[in-house]
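Hi,

Here is the structure I said I would pass on. Have a look at it first, and then read on for what turned up when I went through it.

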Amino acid sequence: MQPFVLPEFYLSYPARLNPHLDGARKHSKAWAYSMDMIDMPQHGTVIWDEHDLDSHDYALLCSYTHPDAAPRELDLVTDWYVWVFYFDDHFLELFKRTGDIEHARDYLDRIARFMPAEGAITETPENPVERGLTDLWNRTVPHRSAGWRRRFRESTRNLLDESLWELANMNEGRIANPIEYVAMRRKVGGAPWSANLIEHSLNAEVPDEIAANRPMEVLRDCFADAVHLRNDLFSYQREVEDEGELSNSVLVFEKFLGCTTQQAADAVNDLLTSRLHQFEHTALTEVPALFEEHGVDPAGRAETFAYVKGLQDWQSGGHEWHLRSSRYMNEGALDDHGGPELLGGPSGLGTSAARIFRSIANTAPQRARAFTHQPYEQLSPVTLPTLPLPFPLRLSPHLAAERKKITDWPRRIGVLSESVWDSARLRVADIPLASAGICPDAPPEQLSLTNDWLTWGTYADDYYAEVFAHDLPTARVATERLKLFMPTDGASPPSPVTALETGLADLWQRTTGPLTSAERESFRHTVEKMIDAWVWELANQAQNRIPDPIDYVEMRRQAFGSDLVTSISRLTNSSTVPPEIRRNRVIEALEDSAADYAWLINDLVSYRKEIEYEGGLHNAVLVVRSFLDVEQDQALQIVANLAEARLAEFQHAVDVGLPSMFADYSLDAEAQATLTDYADLLKNLMTGIANWHHESARYTDEELDRVRDAKAATGAPADPSDAAGSPDTSKALLHPGCTGTHPVPIGTKPSLHPSGPTGLGTRSLHIPAPANSATH
């Protein structure tokens with residue numbers, strides 16, 4: 001009996017079948033036999049027999065997912081998929097079923113030797129996985145560009161190496177939280193690897209100059225997430241009930257939300273639909289602009305569009321294969337969902353169009369919720385869940401000194417002369433308290449630098465929300481101008497015309513003076529990601545579009561400035577992460593979970609400020625409300641549970657991940673101390689930010705009302721003495737040579753909408769609180 005009924009999937013693109021299917025079947029079977037994958041015991045266990053290969057039908061998968069591939073390329077791609085699924089089952093039988101993580105690590109280390117970045121393979125293969133990889137690497141990689149080879153090698157390494165993450169979780173009985181799961185599933189699930197093979201099969205490489213830009217990364221990640229979420233739905237019974245696997249999104253949602261398996265499956269399908277909507281949105285609205293920004297030539301544009309079409313083909317074709325393969329839970333699926341048939345039965349444009357129309361109609365309410373939120377919604381009373389400080393609080397002894405000069409630097413750079421902040425608003429925020437908690441051991445000069453960066457970022461958050469709320473073009477100009485004040489080559493920046501420009505110029509000079517050229521470039525990239533994310537928020541605001549949940553999480557890290565704060569914290573501390581392990585999974589888990597905890601706390605506390613007072617859309621509580629279609633209190637609890645889950649993940653990385661990494665890399669006492677100090681630095685970051693949100697009056701109803709009423713009445717600061725000389729900065733940004741004499745026009749808040757039903761709650765999940773255990 002199936003554990004749940006498969007949901008109605010979103011299918012917006014017809015599946016097509018490659019006419020060379022029969023040839024690929026014959027070729028792939030012969031190839032699998034030649035690699036000893038069929039009927040050949042591995043450590044006493046036969047992984048596959050011929051029936052397994054035939055019933056799984058990987059040639060059908062590749063014929064559906066690569067409908068336009070030529071016969072030779074279809075054969076090659078099919079061989080790759082035979083290899084990757086064989087590896088998955090080989091690793092399962094040899095290591096997952098036994099829990100043998102030590103030998104699994106040695107096994108994966110050997111496989112890496114058959115993927116040289118340059119030159120020939122020199123190692124001798126000893127098992128079918130190594131033999132298959134040797135053959136496929138030599139048949140594929142020499143024909144591709146250096147950029148493609150780099151991307152493909154990285155995605156293949158991730159696909160293999162992160163199997164250890166799954167195995168470690170199985171050994172511990174640990175279920176990942178949703179954010180952690182999505183990030184790791186991209187690596188171990190292999191869909192980015194599949195995207196590389198789409199480029200190869202079509203001979204359509206994405207130009208290297210745009211491959212790493214946000215739109216292309218979002219397309220790849222949406223593709224990957226949709227592939228993996230779909231696979232999780234079909235493979236739940238096999239993985240969870242037969243293999244004892246814990247890495248399945250249905251199980252992750254079931255445990256995190258505390259709901260039934262059917263409700264979890266429906267939620268996963270909603271997330272799958274959201275990712276496909278995000279894919280379509282990005283392809284239509286962001287990719288064309290990317291071409292213009294980077295001057296991509298017609299050939300590069302054509303290859304990129306072919307790649308995007310290839311990603312769509314893979315989604316539709318992969319779904320058709322899952323409906324048919326004996327590898328998955330799909331009993332009755334063809335009867336329920338129809339689809340193009342191989343041997344007779346309804347097929348053709350009419351049936352495909354009918355399925356697509358039904359799919360679009362069924363998912364229209366979910367899409368509509370993202371675009372129909374009423375700005376400045378009058379919220380019902382907000383009761384925040386209780387979240388204690390994550391770690392013992394330590395405050396800098398220089399806090400009192402920083403508070404005494406709280407207005408000095410902001411007044412000097414012009415913050416108090418732009419009609420956004422007055423001195424009362426600055427004092428109420430008490431930003432020195434945040435700095436003192438984040439950097440408790442910093443000397444006075446470094447603490448002041450941290451405090452000024454936090455002041456600048458907090459002011460920018462309010463400035464963008466109030467000045468650029470309805471002026472996206474000016475925001476783009478302002479953001480590009482800000483980048484001019486972070487020179488890395490000794491060039492002189494232009495003369496600043498706003499407080500943001502003046503402040504950034506000052507901070508850049510004070511921060512980067514002692515840095516190397518490489519460090520300066522890295523730090524500039526960190527700041528650029530943050531300010532570009534502010535424009536992303538405004539673009540969504542202009543469309544009145546609540547972001548897709550996964551896109552929101554990944555962009556919120558940047559918009560909140562988590563990376564920037566971490567970078568500044570490292571500057572005030574002698575501890576740095578050794579470069580050779582900076583991208584290790586454990587370090588990424590530490591940094592991302594700490595960053596997410598910080599902004600999730602901010603979203604809880606700032607929920608009323610952002611949604612009711614500013615008319616914003618970028619808050620996790622609203623995103624959860626829209627995505628899960630739940631009421632406010634449930635959404636608040638889910639966000640709090642997610643913050644606690646990210647904190648638990650951080651602690652797991654400290655308690656389990658770091659000691660394991662120390663052993664894996666044979667790190668000496670000094671290196672271990674460096675990494676331990678770095679974890680302590682991140683603890684200070686989380687605790688300092690959480691404490692500031694507990695104690696600062698910035699988000700209280702009294703302060704929000706004061707600021708709103710003052711601006712509504714006068715359009716000027718509440719403290720008139722701060723208004724002298726206010727420049728018209730919006731005009732100055734578009735015309736840098738002019739000097740304005742009028743205050744920046746701040747949009748006043750329209751009348752509040754009456755309270756009442758908002759359209760939410762028609763399909764509510766009943767979430768017990770708390771229900772975010774990371775283990776069974």
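N691 is buried, because its relative accessible area is 7%, under the 20% cut-off. The model is a predicted one, by the way. N691 sits in helix α33. Leaving out residues up to four places away in sequence, N691 touches L389, L393, L395 and L433.

Three of those partners come back at the surface. L389, L393 and L395 form a nonpolar patch there, and together they have about 200 Å² of accessible area. L393 belongs to the loop between α18 (349-369) and α19 (399-404). With a relative accessible area of 32%, L393 counts as partly exposed. So if you click on L393, you will find a residue that is partly exposed, sits in a surface patch and touches the buried N691.

Helix α33 also takes us to a pocket. The second largest pocket holds about 920 Å³ of space. It is lined by 47 residues, and D461, D462, E537, R556 and E610 are the closest to its centre. The elements that give two or more residues to this lining are α22, α23 (444-467), α26 (517-543), α27 (549-560), α28 (562-571), α30 (607-613) and α33 (669-695). Which of them gives the largest share of the lining? That is α23, with 9 residues.

Now for the closed spaces. Searching the whole structure gives 7 cavities of 30 Å³ or more. The volume of the largest cavity is about 580 Å³. Its lining has 33 residues, and F85, D88, R185, G189 and N231 lie nearest its centre. At least two lining residues each come from α4 (71-96), α8 (163-172), α9 (178-189), α10, α12 (214-242) and α16 (298-324). The most come from α4, which supplies 9 residues.

One residue to look at in α12 is V227. V227 is buried, because its relative accessible area is 10%, below the 20% limit. Setting aside neighbours within four places in sequence, V227 is in contact with A191, W314 and Q315. V227 and G190 are 37 residues apart along the chain, and their C-alpha atoms are separated by 9.2 Å.

You may want to check a couple of backbone angles too. Most residues other than glycine have a negative phi. Two residues here go the other way. N203 is not a glycine, yet its phi is positive, at about 50°. N203 lies in the loop between α10 (191-202) and α11 (208-211). D430 is not a glycine either, and has a positive phi of about 55°. You will find D430 in the loop between α21 (423-429) and α22 (431-438).

Are these two residues buried or exposed? N203 is exposed, because its relative accessibility is 53%, over the 50% cut-off. D430 is buried, because its relative accessibility is 14%, under the 20% cut-off.

Helix α21, which comes before the loop with D430, also holds L426. L426 is buried, with a relative accessible area of 1%. What does L426 touch, not counting residues up to four places away in sequence? Its contacts are I406, T407, P410, W421 and T455. L426 and T458 are 32 residues apart in sequence, and the distance between them is 9.8 Å, C-alpha to C-alpha.

Last, the chain as a whole. Its secondary structure comes to 35 helices and 2 strands. Of the 776 residues, 59% are buried. Taking contacts between residues at least 6 apart in sequence, 77% join residues at least 24 apart. The chain exposes about 30600 Å², and 54% of that is supplied by carbon and sulfur atoms.

If you only open a few views, I would go for the patch with L393, the lining of the largest cavity around F85 and D88, and the loop that holds D430.

Cheers

Terms used. Residues are numbered from 1 along each chain as its sequence is written. This is a predicted model: local features need pLDDT of at least 70, side-chain atom pairs count only at pLDDT 80 or more; totals for chains, interfaces and linings use all residues. Side-chain values use heavy atoms; hydrogens and water are left out. Helices (H or I, at least four residues) and strands (E, at least two) are DSSP runs, numbered from the N terminus. Buried means under 20% relative accessible area, exposed over 50%, partly exposed in between (1.4 Å probe, protein chains only). Contact means heavy atoms within 4.5 Å. Accessible areas come from the Shrake-Rupley method with a 1.4 Å probe; for residues, only the protein chains shown count as cover. Patches are made of residues with over 30% relative accessible area and no salt bridge: like charges are joined within 9 Å, nonpolar side chains (Val, Leu, Ile, Met, Phe, Trp, Tyr) within 5 Å. A salt bridge is a side-chain nitrogen of Lys or Arg within 4 Å of a carboxyl oxygen of Asp or Glu. On a 1 Å grid over the protein atoms alone, a cavity is a set of points where a 1.4 Å probe fits but cannot get out, and a pocket is an open set with protein on both sides within 12 Å along at least five of seven lines; lining residues have an atom within 4 Å of a point. Grid points are joined across faces, edges and corners, and a volume is the space filled by probe spheres set on the points.
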